[in-house]
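Visitor: I would like a close look at a single part of this structure, namely one of its sheets, with enough of the surroundings to place it. Please take it slowly and keep the geometry explicit.

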Number of protein chains: 2
Amino acid sequence: MDSSLIYASIITIGDELLIGQVVDTNSSWMATELNKAGVWMKRRVAVGDNKSDIVEALNQESSKAQIVLITGGLGPTADDITKPVLCEYFGGKLVTDPGALQNVQDIFARLQRPMLAVNLKQAEVPDTCTVIQNKRGTAPGMWFEKEGKIFVSMPGVPHEMKGMMTDYVIPALQQHFRMPAIVSHTLLTAGIGESFLSELIKDFEQSLPPEVKLAYLPNYGMVRLRLTGISYDVQALQATAQARFEELKEQVKEYLVTDRDEPLSHVVARLLQDAGKTLSTAESCTGGYIAHLITQQSGASRHFKGSVVSYDNQVKGEVLHVQQTTLQTVGAVSEETVREMVQGALAVLKSDYALAVSGIMGPDGGTPEKPVGTVWVAAGNSQQTITQKFQFRFDRQRNIELTANNALNLLRKLIVSEKA
Amino acid sequence: MDSSLIYASIITIGDELLIGQVVDTNSSWMATELNKAGVWMKRRVAVGDNKSDIVEALNQESSKAQIVLITGGLGPTADDITKPVLCEYFGGKLVTDPGALQNVQDIFARLQRPMLAVNLKQAEVPDTCTVIQNKRGTAPGMWFEKEGKIFVSMPGVPHEMKGMMTDYVIPALQQHFRMPAIVSHTLLTAGIGESFLSELIKDFEQSLPPEVKLAYLPNYGMVRLRLTGISYDVQALQATAQARFEELKEQVKEYLVTDRDEPLSHVVARLLQDAGKTLSTAESCTGGYIAHLITQQSGASRHFKGSVVSYDNQVKGEVLHVQQTTLQTVGAVSEETVREMVQGALAVLKSDYALAVSGIMGPDGGTPEKPVGTVWVAAGNSQQTITQKFQFRFDRQRNIELTANNALNLLRKLIVSEKA
């Protein structure tokens, strides 16, 4: 452990997370925010609703890190034991916090629901903590200090935890510690595998100074590269990181999709908005997932008109005007069909660009000629339509995600080529 | 720790997971599969690409659990250090495994790509392990035994890890240990909060025998309840768990959505298929997410015709035939509009049922009369259309998920009411 750095560990409490009934999205969000604030991550640990496991994790993690963030186990039900365990661990007794009580009462008044004894208990906190008010729910957060270490307990409900982290925890940690600066630059490549990329930039990687690290983040057939630097000398670090990032961009320029840390759908959105153009999608096998990726972004209505999800061939024919002869001769999963789907979407949804996909996502529906994973994608406008065939070999969920990302990338190439 | 049980810890290795650039979905999947096989989860730990942290985690977790599963850090790039660390930890030296080498060569031959030196290195394994062949990628898995404990190292790529777990690791663990049986029953409720549910079934919960536990899993305004029992006496456990689950179902029957561990979209799919009916959706604010939830399930084409994502009002008018006067007088987020969207979807997409949503997901687009989170939902068929208004108060992503789930629940109620 570099003694000049501030380290944090995250402890996630709850059987449901431990045994996998719920995916833990909290700790990756927390780690990202801590990292931006200059805190280095040490470990993340998930334990069950069990007193001795919680106590051991508190001991272990505080021996490794100056900051221990704890989420989960603060609900009103009997399986939530975090609060009494923390109360014992930090000494003191449970008292009702007036601010937390008012908050619980306000929430129930607003919901026009009767309040139960268990809800009142949520306003109780150990008298050894600083209370962090919960603006989005009933369970308050708790800030403890012990032997120079900071412990923060927050509810496991994601938006409640996020509110507390942003409004209180991060600013309070920044006040408490003198943080080094962490500077990150991320770019996204397409069309080159991780090992080829690694070969291509081997010399660059070996020439990096010790305070700057390179990480490979492969996902859906694309590879994200992240340069991260950490130092107390902010200005020197920013200059170094920026210079090395420019160098990296130059080395991978042939494969560069974006030099920002953003999903591909945001790249496409910016290209469309810069060109003042609109998009629609005609989706068969992705079942609306491409439209969902695009509309996850606030403000998507500026460049997205809508989609026809033509899961049934009848919809391809009647709504998107794909010809019956096309469907009967070459079938729904074919270059001709996705070309006609693009034309149909342009005409029906009145957009400047359209993106169409048709394929077999599995596990059923494959044939010897068109096995599971066969996908046709088309991107076009009134002037031209480009197509690409893919053969994926994964499970349904991953095939859907790969199809959506490769379709967005085909559209990106089309728009970029027209700008050139 | 109950000495009669088999415990497992999962160690996830990699800076990208630790610092949150990638969400860890592997360990929840692994935990679920281990649990089904009779292994109890002890802890889950994420550490960075750092030798001393990896070694400390191996020591700590093997002192707590009989099984230590390790994922990540096996890629071809320089930041992947897991293999040399494991080689040193378990003694021995790196040797090329003929089976793993053949596999790497086969993969590159199939992809028709030249092979690099780093790829050949992927076939190297410590000579102290049993090699687990990777049918889906280049990095082999490794099975080690040390002082009566089992350690298994697998790649972090989800589908590669899943393949190894299913084909090799789970069966081999079941052969190695005498596992107790774990029996789980899950049901889903809607329309009642966690604390009211807890109050309703308080006596039931207190009457449970020690080998059976109840967990509350609230999500998107619904609460899942899971009864889990563990015992070496399989038959007695199955009988007890089944009897208590029937009792629980009876107690919550007013709120019961399903007595299986399945998403709401599967419940709706089964209701539709049982009735021989089809569905379509007309989505504004959810942007195709409801269609995506439905088409995530293989075989959805049997009951799902498609969707019109009418993100732009022009699409609501021209494709779904929502009247201009409706959009101009009461606006796109209104009961009238979603009613007309249902009728439009029934007519255009030719389905028996249709589901329509229109709302403001935020953070932009709210007005004093229709603040962010205002949503209208309609579900209908040729006979009747029912509607419901919601007011959510979360971030965009959560508002989209809540809208989709509440819309599917409204449709479920309509179909159930028509069966009655």
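Guide: Chain A of this predicted model has 16 helices and 17 strands. Its C-alpha atoms fill a box of roughly 80 × 60 × 40 Å when taken along the principal axes, and of its 420 residues 60% count as buried. Among the contacts in chain A that join residues at least 6 apart in sequence, 66% are between residues at least 24 apart.

The part to look at is an open sheet of four strands in chain A, whose order is S10-S11-S9-S12 and whose pairing is antiparallel. Its edges are strand S10 (212-219) and strand S12 (256-258) of chain A, each of which pairs on one side only. From one strand to the next, the twist averages 30 degrees. As a matter of background, the strands of a sheet pair through backbone hydrogen bonds, in either a parallel or an antiparallel sense.

Within this sheet, strand S9 of chain A, residues 181-190, pairs with S12(A) in the antiparallel sense over two bridges. To find the register by eye, one can start from Leu188(A), which stands opposite Thr258(A) in S12(A). Helix H10 of chain A, residues 234-251, packs on the sheet and touches S9, S10, strand S11 (222-231) and S12 of chain A; the direction of H10(A) makes about 10 degrees with that of S9(A).

The corresponding strands of chain B can be followed in a similar way. Strand S9 of chain B, again residues 181-190, is mostly covered, since nine of its 10 residues are buried. S9(B) pairs with strand S11 of chain B, residues 222-231, in the antiparallel sense over 10 bridges, and along that pairing Thr189(B) stands opposite Val223(B) in S11(B). S9(B) is also joined by two bridges to strand S12 of chain B, residues 256-258, and these two strands run antiparallel. There Leu188(B) stands opposite Thr258(B) in S12(B).

The relation between the chains helps in reading these descriptions together. A rotation of 180 degrees, with 0.0 Å of shift along its axis, superposes chain A on chain B with an RMSD of 0.1 Å, and the two copies are therefore related as by a two-fold rotation axis. As for how they meet, 100% of the interface residues of chain A are also interface residues in chain B, so the copies meet through the same surface.

A few ring contacts complete the surroundings. A search of the whole structure finds 14 aromatic pairs over all chains, and one of them is the stacked pair of Phe390(A) and Phe392(A), with 5.4 Å from centre to centre and 10 degrees between the planes. Both Phe390(A) and Phe392(A) are buried. Elsewhere in chain A, ring pairs link Tyr89(A), Phe90(A), Phe144(A) and Phe151(A) into a cluster. One ring of that cluster, Tyr89(A), also has the charged end of Lys146(A) sitting over it, 4.2 Å from the ring centre. In chain B, Lys146(B) lies over the face of Tyr89(B), likewise at 4.2 Å from the centre of the ring.

Terms used: Residues numbered from 1 in each chain as written. Chains lettered and ligands numbered in written order. Predicted model: local features only at pLDDT ≥ 70, side-chain atom pairs only at ≥ 80, totals over all residues. Heavy atoms only, no water. Phe/Tyr/Trp six-rings, centres within 6.5 Å; stacked < 30°, edge-to-face > 60°. Buried < 20%, exposed > 50% of the residue type's maximum accessible area, 1.4 Å probe, protein only. Lys NZ or Arg CZ within 6 Å of the ring centre and 35° of its normal. Least-squares fit on C-alpha atoms with pLDDT ≥ 70 in both. Contact = heavy atoms within 4.5 Å. Pairing = 2+ DSSP bridges. Axes fitted to C-alpha atoms, helices over the stretch in contact; angles between N-to-C directions.
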